[in-house]
Amino acid sequence: MMSARTILAPDAAVTSRQEAAFFSGLRLRNGTFKTTAERRLDDLNQLVIEQWKALGAAPRRLLDVGVSSGVSSVEWLQSLAAAGFDVDLVATDVCLKAQLVPICRQYDVLVDRSGHILQHIVFGVAIRPWRRKLDFVTGHALLSGVLNAVARRVLRRRRSPAARAGEDIMLVSPRARGEARIAFAEDDVFAANPQSFVRRFDAIRAANLLNCGYFSTAQIRTAIFNLKDRLVGPNCFLIVNRTRKDGTNHGTLFQLNAAARFEILAKLRDGSEIEDIVLAA
């Protein structure tokens, strides 16, 4: 795993595999990971394009939630542009802004705005703060435990981001940061909607975010109601997808009807595992 200082440097020469490994190793404060990979949503993008063309739909204002590194957002935008759609896209994630905070000489931590530790960097070596079962055998559990304790003690003394005297970092792929048609914003779909998002979007995509492996039915229901309130109104779209461990996508394209209820327009393979929750919203 590469360090944030290396992978996110403006002149970084890293491969897409190294970039994906870095983001996938960041465990966020809500327990999810910034899992990402190139071209993983190509078939979902094609399904959506085909359905919109068949309907004669022309959504312009798009929202992509839980975007991880932003690579899939760039690919969605590019595929839509190639198909003749003129869109602007807002890409959100619960953690897009972070700080590299010096703890002591040759030891920094990468933290989100709340102070949650995302990565330790000791003498330039990246060390993840979270543990796997095997870590208790390899000794990583002891190392990460000591580093977590030290860093948290220091961070408690520097409660505010200003007091941490850290270096601001944008947790977005350089390829995504350079796309002028994408605006990035931190956002928690389980919290109250930002007023600027209400009734704003023609289509919303939630890929690999709302699934039963991460969240309870009650949490997912809250998120769906929030996303519904961000749609302009009837005839707008919601896209929900999950990429399984074998790399296959299983998603559903919903449309909001005149009664403000979601209807299924199309499915990719088995469809979304949360269809019943969406249809009941």
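## Two sheets and their packed helices

Glu 179 sits in the loop that connects α8 (174–177) with β8 (182–186) in this predicted model. Its relative accessibility is 15%, and because buried means under 20%, Glu 179 counts as buried. When neighbours within four places in sequence are set aside, Glu 179 is in contact with Val 74 and Leu 77. Both Val 74 and Leu 77 are among the buried residues of α4, a list that also includes Val 71, Ser 72, Ser 73, Glu 75, Trp 76 and Leu 80.

**Helix α4 and its partner α3**

Helix α4 has twelve residues, which at 1.5 Å a residue should span 16 Å, and the 17 Å between its end C-alpha atoms agrees with that expectation. After α4 comes Gly 84, whose phi is positive, near 95 degrees.

Two packed helices are described by the angle between their axes and the distance between the axes. For helix α3 (residues 42–55) and helix α4 (residues 71–82), the angle is about 35 degrees and the axes are 10 Å apart. The crossing in which α3 passes α4 is right-handed. On the α3 side the contact is made by Asn 45, Ile 49 and Trp 52, which meet Glu 75, Trp 76, Ser 79 and Leu 80 of α4. Sorted by class, the residues of this contact are four nonpolar, two polar and one charged.

**The seven-stranded sheet**

An open sheet of seven strands runs in the order β8-β2-β1-β9-β10-β11-β12, and its pairing is mixed. At the edges stand β8 and β12 (262–268), each of which pairs on one side only. On average, and with direction ignored, neighbouring strands of this sheet are turned by 20 degrees against each other.

Within the sheet, strand β1 (residues 61–65) and strand β9 (residues 203–207) run parallel and are joined by four bridges, and Asp 64 has Arg 205 in β9 as its bridge partner. Helix α4 packs on this sheet, where it touches β1, β2 (88–93), β8, β9 and β10, and its direction makes about 150 degrees with that of β1. Helix α3 lies across β9, β10 (237–243), β11 (249–256) and β12, running at about 130 degrees to β12.

Which residues of β11 are buried on each of its two faces? Asn 249, Gly 251, Leu 253 and Gln 255 are buried on one side, and His 250, Thr 252, Phe 254 and Leu 256 are buried on the other, so that both faces are covered. Eight of the eight residues of β11 are thus buried, and therefore the strand is largely enclosed by the rest of the structure. In a regular strand the side chains alternate between the two faces of the sheet.

Strand β11 pairs with β10 in the antiparallel sense over seven bridges, with Asn 249 in β11 as the bridge partner of Thr 243. Strand β11 also runs antiparallel to β12, to which six bridges join it, and here Thr 252 has Lys 267 in β12 as its bridge partner.

**Residues with positive phi**

The hairpins on either end of these pairings, together with two loops, contain residues with positive phi, as listed here.

| Residue | Location | Phi |
|---|---|---|
| Gly 247 | hairpin of β10 and β11, five residues between the strands | near 90 degrees |
| Ala 260 | hairpin of β11 and β12, five residues between the strands | near 65 degrees |
| Asn 235 | loop between α9 (217–230) and β10 | near 80 degrees |
| Arg 269 | loop between β12 and α10 (275–280) | about 55 degrees |

Asn 235 takes its positive value although it is a residue other than glycine, and because exposed means over 50%, its relative accessibility of 54% makes Asn 235 count as exposed. Arg 269 is likewise not a glycine, but with a relative accessible area of 46% Arg 269 is partly exposed.

**The five-stranded sheet**

The model also has an open sheet of five strands in the order β6-β5-β4-β3-β7, with antiparallel pairing. Because β6 (125–127) and β7 (167–170) stand at the edges with a single partner strand each, one side of each is left without a neighbour in the sheet. Neighbouring strands here are turned by 30 degrees against each other on average, direction ignored.

Strand β3 (residues 97–104) runs antiparallel to β7 and is joined to it by four bridges, and Lys 97 stands opposite Met 170 in β7. Helix α6 (residues 140–157) lies across β3, β4 (107–112), β5 (117–122) and β6, and runs at about 105 degrees to β5.

Note on methods. Residues are numbered from 1 along each chain as its sequence is written. This is a predicted model: local features need pLDDT of at least 70, side-chain atom pairs count only at pLDDT 80 or more; totals for chains, interfaces and linings use all residues. Side-chain values use heavy atoms; hydrogens and water are left out. Axes are lines fitted to C-alpha atoms, for helices over the stretch in contact, and angles run from 0 to 180 degrees between N-to-C directions. A crossing is left-handed if the near helix is turned anticlockwise from the far one by less than a right angle, and right-handed if clockwise. Contact means heavy atoms within 4.5 Å. Ala, Val, Leu, Ile, Met, Phe, Trp, Tyr, Cys and Pro count as nonpolar, Asp, Glu, Lys and Arg as charged, and the others, Gly among them, as polar. Buried means under 20% relative accessible area, exposed over 50%, partly exposed in between (1.4 Å probe, protein chains only). The expected span of a helix is 1.5 Å times one less than its number of residues. Two strands pair if DSSP finds at least two bridges between them.
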